[in-house]
Structure formats: C-alpha cells, structure tokens
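Let's take a friendly look at how some nonpolar and aromatic side chains are arranged here. Please keep the structure open as you read.

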Amino acid sequence: MRERRDLPVSHQHRRLLRAETVALMLSNQLTMLDPPVHQYNPNEGFGFGGSVVIDIGRDGRPGSLGRFGWPGAASTTYAIDPAQHRVAIALLQHLPRSDVKADLPRISRDFYRLVDETMNQRSTSNAKTTP
C-alpha cells in the first residue's frame, strides 16, 4: 500500500485488519444451525459483531445480500451495505415504552429503509439532471 507523503504520519491510511478478517466478520457464522439465522430475524445470520442479511426477500426490508449491522439498545442502529457502498448510523438515546401513549417509536427497524429511499430518490433526481 502506498503512503501519502502530503499528510502527517498520524493521518496516513493504515490497514488495521486483514481483508480475510473483515470477510469473516461480515459473513454468517451460524451455518451450523437449521435455519442458519439468529433469533430476532428470519432473514439474518450473525457475523462477528452484527447481523448479516442472508435472504433479502423474507421481511421486505431494503438492502443487499450481505448487509451488515445491528439495532442496539436505546434506539441506536448501524448498517453497512458493501454492495450499495452505504454506511448508515443512528445514535439515539431513547428506550421506547409501549405503556406510554405519546412515546416515540423504535426507529431502528425503519431507519435503513428511510436512508435507502432517500438515497434512491437522490440518485434518480441526479440521473435526470445529468446530460
């Protein structure tokens, strides 16, 4: 890998993980199960540190095969979609309560769908304006 000489040494790009390590992190590690999915979603397996989409058609959520991420506590969520070249992160601090009528909903389920819709609309409008 070529180093950039115009940046201070502290800001130069450095590889922290081997490509093989990242590939393992982003691939389903539950292949010994039948079906090879985790308990929260029938279309997702689990890599090292997050869920991995292994069936894009099961629950109707957008994204590509291999999308990686996890909806965490307090409405935090992240999604990495290598095929779409997208990373989406929401860092909220809210635990939705079903016993409170006017409480905010849990957004992690809809978050990536909203990001996907917005990015697709943006791509479509850019394509229309580009000669």
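Phe111 is in contact with Thr77, Ala88, Ile89 and Ala90, once its neighbours within four places in sequence are left aside. Keep in mind that this is a predicted model.

Two of those partners, Ala88 and Ala90, turn up again with Phe111 in the largest nonpolar core, whose five residues also include Ala79 and Tyr112. Strand E5 (86-90) and helix H2 (108-129) are the elements that give two or more residues to this core. In soluble globular proteins, nonpolar side chains tend to be buried together.

Now for the aromatic rings: the structure holds two aromatic pairs. One of them joins Phe46 and Trp70, and it counts as edge-to-face because the ring planes stand at 85°, over the 60 degrees required. The ring centres of Phe46 and Trp70 are 5.3 Å apart. Since Phe46 lies in strand E1 (residues 44-46) and Trp70 in strand E3 (residues 68-71), the pair ties together parts that are 24 residues apart in sequence.

What about the surface? Leu16, Leu17 and Val22 make a nonpolar patch of about 290 Å² there. Leu17 sits in the segment before helix H1 (19-25).

The table gathers the relative accessible areas of three residues discussed above.

| Residue | Relative accessible area | Class |
|---|---|---|
| Leu17 | 41% | partly exposed |
| Phe46 | 29% | partly exposed |
| Trp70 | 26% | partly exposed |

Leu17 is classed as partly exposed because its 41% falls between the 20% limit for buried and the 50% limit for exposed.

Conventions:
Residues are numbered from 1 along each chain as its sequence is written. This is a predicted model: local features need pLDDT of at least 70, side-chain atom pairs count only at pLDDT 80 or more; totals for chains, interfaces and linings use all residues. Side-chain values use heavy atoms; hydrogens and water are left out. A nonpolar core is a set of buried Ala, Val, Leu, Ile, Met, Phe, Trp, Tyr and Cys residues joined through side-chain atoms within 4.5 Å. Buried means under 20% relative accessible area, exposed over 50%, partly exposed in between (1.4 Å probe, protein chains only). Helices (H or I, at least four residues) and strands (E, at least two) are DSSP runs, numbered from the N terminus. Contact means heavy atoms within 4.5 Å. Patches are made of residues with over 30% relative accessible area and no salt bridge: like charges are joined within 9 Å, nonpolar side chains (Val, Leu, Ile, Met, Phe, Trp, Tyr) within 5 Å. Accessible areas come from the Shrake-Rupley method with a 1.4 Å probe; for residues, only the protein chains shown count as cover. A salt bridge is a side-chain nitrogen of Lys or Arg within 4 Å of a carboxyl oxygen of Asp or Glu. Rings of Phe, Tyr and Trp (its six-membered ring) pair if their centres lie within 6.5 Å; planes under 30 degrees apart count as stacked, over 60 as edge-to-face and the rest as tilted.
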